[in-house]
Amino acid sequence: MNVVITGVGGQGTVLASRLVAYMGMEAGLPVRTAETIGMAQRGGCVTSHVRIGADPDDLIASPLVPQGTADLVLAFEPGEGTRALSYLSETGGMVVSSRPIIPVTASLASGGYDPEAHLAYLTDRLGDRLVVVDPAVLAGELGSDRALNVTMLGVAVRSGALTFTRDQLESAVRQLVKPRFVDMNLSAIALGERIFDEYHEQMASS
């Protein structure tokens with residue numbers, strides 16, 4: 001299983017990758033990860049690669065996910081979702097946040113930045129393989145949007161793009177998240193499952 005997680009510094013990209021890697025290791029599978037975090041403290045792009053395989057030989061070549069092979073892309077920002085699209089396989093799924101946080105690369109580019117255009121492009125390309133998460137829903141349901149990363153993992157588990165169970169994700173949260181935030185993040189998993197069900201129902205009826 002190949003997973004690419006991308007966002008802007010401070011959005012929890014690294015924690016999300018560690019949760020995925022932890023689930024793989026707990027399942028007894030070989031895991032390799034790679035991260036680009038040099039710009040994390042400056043509002044720059046942060047990307048994590050997680051490769052999980054039943055055979056160690058599958059992972060020898062590189063910890064980086066090859067283009068066109070990701071089973072799942074988690075994008076915490078619309079533009080980053082578009083940028084990471086080339087990693088996604090023809091059957092892979094993407095979960096993307098609808099809230100724009102303009103990364104340094106976009107702010108330096110000419111021509112402006114239109115997050116709605118990115119979301120429309122991703123929807124057109126991916127159809128029902130895409131789930132869009134509105135962080136405002138988290139603020140209303142959980143009192144904070146700080147658990148966006150775990151909510152999106154909950155969506156991915158529910159969709160089947162991330163082939164672990166809710167129990168495995170909850171176990172990872174209990175092990176890796178600071179104790180005072182565990183309950184909120186467990187609630188975020190349940191919210192992610194509900195978001196997927198509602199989004200899937202909406203797509204089916206449209």
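Start by selecting α6 and α8 together in this predicted model: the two helices pack at an angle of about 50°, with their axes 7 Å apart. Since angles from 65 to 115 degrees count as roughly perpendicular and those under 35 degrees as roughly parallel, α6 and α8 are therefore oblique to each other. If you turn the view until one helix lies over the other, the crossing you are looking at is right-handed. To see how the contact is made, show the side chains of N149, V150, T151, G154, V155, R158 and S159 on α6, and then those of N185, A188, I189, L191, G192, E193, I195, F196 and D197 on α8. Coloured by class, the residues of this contact divide into seven nonpolar, six polar and three charged.

Keep α6 on display, which spans residues 148-159, and add α1, residues 13-26. The axes of this pair lie 9 Å apart, and the helices pack at an angle of about 40°, which means that α1 is oblique to α6. Here α1 passes α6 in a right-handed crossing. On the α1 side, select L15, A16, L19 and V20, which meet N149, V150 and L153 in α6. By class, the residues of the contact of α1 with α6 comprise six nonpolar and one polar, with no charged residue. N149 and V150 deserve a label at this stop, because they appear in the contact of α6 with α1 and were also listed in the contact of α6 with α8.

Next, leave α1 in place and bring in α7, which covers residues 166-176. The axes of α1 and α7 come within 9 Å and cross at roughly 120°, and that makes α1 oblique to α7. This crossing, too, is right-handed. The residues to pick out on α1 are L15, R18, L19, Y22 and M23, and they meet Q168, L169, S171, A172, V173, Q175 and L176 in α7. Eight nonpolar, three polar and one charged residue make up the contact of α1 with α7. L15 and L19 can stay highlighted from the previous stop, since they are listed in the contact of α1 with α6 as well as in that with α7.

Now switch on a surface and look for the largest pocket, which has a volume of about 380 Å³. Among the 18 residues that line this pocket, the closest to its centre are L15, R146, A147, N149 and F181, so these are the ones to select. Both α6 and α8 supply at least two residues of the lining, and the largest share, four residues, comes from α8. The lining is made up of eight nonpolar, five polar and five charged residues.

The last stop is an enclosed space. How many cavities of 30 Å³ or more are there? The count comes to one, and the largest cavity has a volume of about 40 Å³. To find the largest cavity, select D128, L130, V131, F196, Y199, H200 and M203, which line it. Strand β6 (130-133) and helix α8 (179-205) each supply at least two residues of this lining, with the largest share, four residues, coming from α8. By class, the lining of the cavity divides into five nonpolar residues, one polar and one charged. F196 closes the circuit, as this residue lines the largest cavity and also belongs to the α8 side of the contact with α6.

Notes: Residues are numbered from 1 along each chain as its sequence is written. This is a predicted model: local features need pLDDT of at least 70, side-chain atom pairs count only at pLDDT 80 or more; totals for chains, interfaces and linings use all residues. Side-chain values use heavy atoms; hydrogens and water are left out. Axes are lines fitted to C-alpha atoms, for helices over the stretch in contact, and angles run from 0 to 180 degrees between N-to-C directions. Angles under 35 degrees count as roughly parallel, over 145 as roughly antiparallel, 65 to 115 as roughly perpendicular and the rest as oblique. A crossing is left-handed if the near helix is turned anticlockwise from the far one by less than a right angle, and right-handed if clockwise. Contact means heavy atoms within 4.5 Å. Ala, Val, Leu, Ile, Met, Phe, Trp, Tyr, Cys and Pro count as nonpolar, Asp, Glu, Lys and Arg as charged, and the others, Gly among them, as polar. On a 1 Å grid over the protein atoms alone, a cavity is a set of points where a 1.4 Å probe fits but cannot get out, and a pocket is an open set with protein on both sides within 12 Å along at least five of seven lines; lining residues have an atom within 4 Å of a point. Grid points are joined across faces, edges and corners, and a volume is the space filled by probe spheres set on the points.
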